[in-house]
Amino acid sequence: MKQLKSHKSFNGKTEFYEHDSKQTGTPMKFSVYLPDTTVKGGLIWLSGLTCNEENFITKAGAQKYLSDRGLAIICPDTSPRGLDLPQEHDDYDFGSGAGFYIDAQTEGYSKHYKMESYIADEILNLFNNEFNKSGKTALFGHSMGGHGALTLGLKYPERFTSVSAFSPITNPVNCQWGQKAFAGYLGDDKDEWQKHDATCLIESGKSHPRPFLIEQGLDDNFYPDQLLTENFEKACGSSQQEVIINKRPGFDHSYYFISTFVEDHIRFHDEFLNS
């Protein structure tokens, strides 16, 4: 790891790093917040389309709440960078900045776009070995990152104490964002797509032992067509998966929304991290 910058922030530090990823075969960046006290638990934040390692750590206003509770956080980038793969830089919703937290299987992308393994294996291990010695880690994210949090939480419930999401893409096989990304990364086999869709995973019997917490703004311009929150809500209602969905009038898809309720999500995860 190479530290790029460090800033004093409340009773701790906000730091930025770069490392050579074994999973992506490229340099990858991430940010962390570390309290000055002994770390009692950690959170992984997964950002959304077009975002990188800086969005959450600079816009969400989470440092005070993390500092007060002795929690650390790591915010990885959303895709490999510095490549020139076919169509990688053509659109905001596929390729660079849009890794969708899955391991790609298509030509070219399968070598580098291994974002599921990068988060669930490499980042989790790096975080716990270097920053979060408690070994207890929660997972949350926004939009595409909310999709990542829900799906990885369902696939690896033993690795993540709790899961939450802001405005998650909950049923990507049935929305334009997900269909475009899955076709590009996974090919045309729609049975394979369902393995990376939170609603389909619930319907197939996957679950997490703790309730999911979801925050959804009702003035979100991507709700409901891209996010399909009600599909996930219905699937959970027909299964054993407990979910809390807060539908917030007047709120949109932005970090203004996230910063309003981020303390609630940190408190939610803190209860499980320290139980």
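## Cysteines, a buried tyrosine and the largest pocket

With a disulfide taken as a pair of cysteine sulfur atoms within 2.5 Å, the count for this predicted model comes to zero disulfides. Cys75 is accordingly in no disulfide, and the nearest cysteine sulfur, that of Cys51, is 11 Å away. The points below cover the cysteines, the surroundings of Tyr185 and the lining of the largest pocket.

**Cysteines**
- Cys75 has 1% relative accessibility and therefore counts as buried.
- Cys200 cannot be assigned a bond because its sulfur is 11 Å from the closest cysteine sulfur, which belongs to Cys175, and this is too far.
- With a relative accessibility of 11%, Cys200 also counts as buried.

**Tyr185 and its surroundings**
- Tyr185 is placed in helix H6, which spans residues 176-186, and at 0% relative accessibility Tyr185 counts as buried.
- Once neighbours within four places in sequence are set aside, Tyr185 is in contact with a set of residues including Phe94, Gly95, Phe100, Ile102, Thr106, Tyr109 and Tyr113.
- Gly99 is also among the contacts of Tyr185, and although the two residues are 86 residues apart in sequence, their C-alpha atoms are 8.8 Å apart in space.
- The side chain of Tyr185 reaches the backbone oxygen of Ala98 at 2.6 Å.

**Largest pocket**
- The largest pocket holds about 160 Å³ of space, and its lining comprises six nonpolar, five polar and no charged residues.
- Among the lining residues are Cys51, Tyr92, Trp177, Phe222 and Tyr255, together with His142, Ser143 and His253.
- Cys51, which lines this pocket, is the residue whose sulfur is nearest to that of Cys75, at 11 Å.

Technical notes
Residues numbered from 1 in each chain as written. Predicted model: local features only at pLDDT ≥ 70, side-chain atom pairs only at ≥ 80, totals over all residues. Heavy atoms only, no water. 1 Å grid on protein atoms, 1.4 Å probe; cavity = no way out; pocket = protein on both sides within 12 Å on 5 of 7 lines; lining within 4 Å. Points joined across faces, edges and corners; volume = space filled by probe spheres on them. Nonpolar A, V, L, I, M, F, W, Y, C, P; charged D, E, K, R; others polar. Buried < 20%, exposed > 50% of the residue type's maximum accessible area, 1.4 Å probe, protein only. Helix = DSSP H or I, 4+ residues; strand = E, 2+ residues; numbered from the N terminus. Contact = heavy atoms within 4.5 Å. Polar contact = N/O pair within 3.5 Å; in protein donor to acceptor, adjacent residues only side chain to side chain.
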